[in-house]
Amino acid sequence: MKTCTKCKEPKDRDAFHRDSSRSDGLTAQCKTCRAAKAAERQRTEETRSLEAARHRARRATNGDTIRAKDRAYRAANGDTIRAKDRAYMAGYRAANGDKLRQYHRDRYATDSGPKLEAKARRKAAKVGSSIGGPISYKILRTRFPDCYLCGQTLSGRVQYDHVIPLQPRPGEPQGAHTTDNLRPTHERCNLRKSNARLADLDWYSGPTDIGVPVP
Ligand SMILES: [Zn+2]
Ligand SMILES: [Zn+2]
């Protein structure tokens with residue numbers, strides 16, 4: 001005799017399935033309890049797929065109405081939604097800071113990523129800058145191991161700065177979105193530089209000849 005952990009009834013060994021991984025060679029729950037659990041699981045799955053099918057059908061017939069409702073809801077509750085999103089992201093960052101930092105490090109160290117590059121090209125086109133062939137951030141990163149702004153070895157988060165700005169001040173030349181006009185920098189140095197001219201940065205200590213005519 002063996003007592004089932006679920007129904008707590010003492011039953012013959014025949015009432016249990018065999019399980020060689022357990023010390024007595026039998027499952028903890030009796031056949032009846034296991035069958036009930038399997039049936040329950042089956043019902044849950046059926047309910048779920050039925051609900052999903054109903055949801056799909058609703059969206060197929062009333063898609064426009066539902067989307068309009070969603071838009072109206074977001075318009076009316078935008079601030080609340082954004083506050084919730086911000087709170088969620090703050091919590092996520094607090095819990096996963098290291099993971100996020102590593103993600104950015106990997107992303108910028110090896111390749112800016114096709115999406116980021118597509119975004120950079122759209123931005124360049126928008127401000128009327130000329131755009132060269134595909135940019136290999138990997139090659140740039142290899143060719144220039146040092147930050148061109150502070151002259152120190154690159155580490156941590158790296159950004160790619162247009163040496164001649166895509167959005168110059170009035171009367172100054174406009175840079176192009178090309179490999180020649182891009183240099184890797186520390187994120188902190190690029191943020192510190194903002195859109196100042198190199199000549200105006202009293203802390204600039206990178207090489208004077210960076211292979212690009214600097215404004
Ligand atoms: Zn049982
Ligand atoms: Zn730097």
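These legends walk through a predicted model, from the whole protein down to single residues. Residues are numbered from 1 along each chain as its sequence is written, while chains are lettered from A and ligands numbered from 1 in the order in which they are written. Because the model is predicted, local features need pLDDT of at least 70 and side-chain atom pairs count only at pLDDT 80 or more, whereas totals for chains, interfaces and linings use all residues.

**View 1. The whole protein, with four helices and four strands.**
Following the sequence, you will meet the elements in the order β-β-α-α-α-β-β-α. Helices (H or I, at least four residues) and strands (E, at least two) are DSSP runs, numbered from the N terminus. The C-alpha atoms fill a box of roughly 90 × 50 × 35 Å along the principal axes. The radius of gyration is 31 Å, against near 17 Å for a compact globule of 215 residues; it is taken over C-alpha atoms, and the globule rule is 2.2 Å times the number of residues to the power 0.38. Of the 215 residues, 14% count as buried. Here, a residue is buried if 20 or more other C-beta atoms lie within 10 Å of its own, exposed if 12 or fewer, and partly exposed in between, with C-beta atoms placed from the backbone.

**View 2. Strand 4 (residues 182-186), a buried strand.**
Five of the five residues here are buried, so strand 4 is largely enclosed by the rest of the structure. In a regular strand the side chains alternate between the two faces of the sheet. Look for L182, P184 and H186 on one side of strand 4, with R183 and T185 on the other; both faces are covered.

**View 3. Strand 3 (residues 158-162) beside strand 4.**
These two strands run antiparallel and are joined by five bridges. Two strands pair if DSSP finds at least two bridges between them. To find your place, start at Q159, which stands opposite T185 of strand 4.

**View 4. The loop around K8, between strand 1 (2-3) and strand 2 (10-11).**
K8 is worth a pause: its phi is positive, about 65°, although K8 is not a glycine. K8 is exposed, with 8 other C-beta atoms within 10 Å.

**View 5. L191 in helix 4 (residues 187-193).**
L191 is exposed, having 11 other C-beta atoms within 10 Å. If you bring A118 into the picture as well, the C-alpha atoms of L191 and A118 are 21 Å apart in space, and the two residues are 73 residues apart in sequence.
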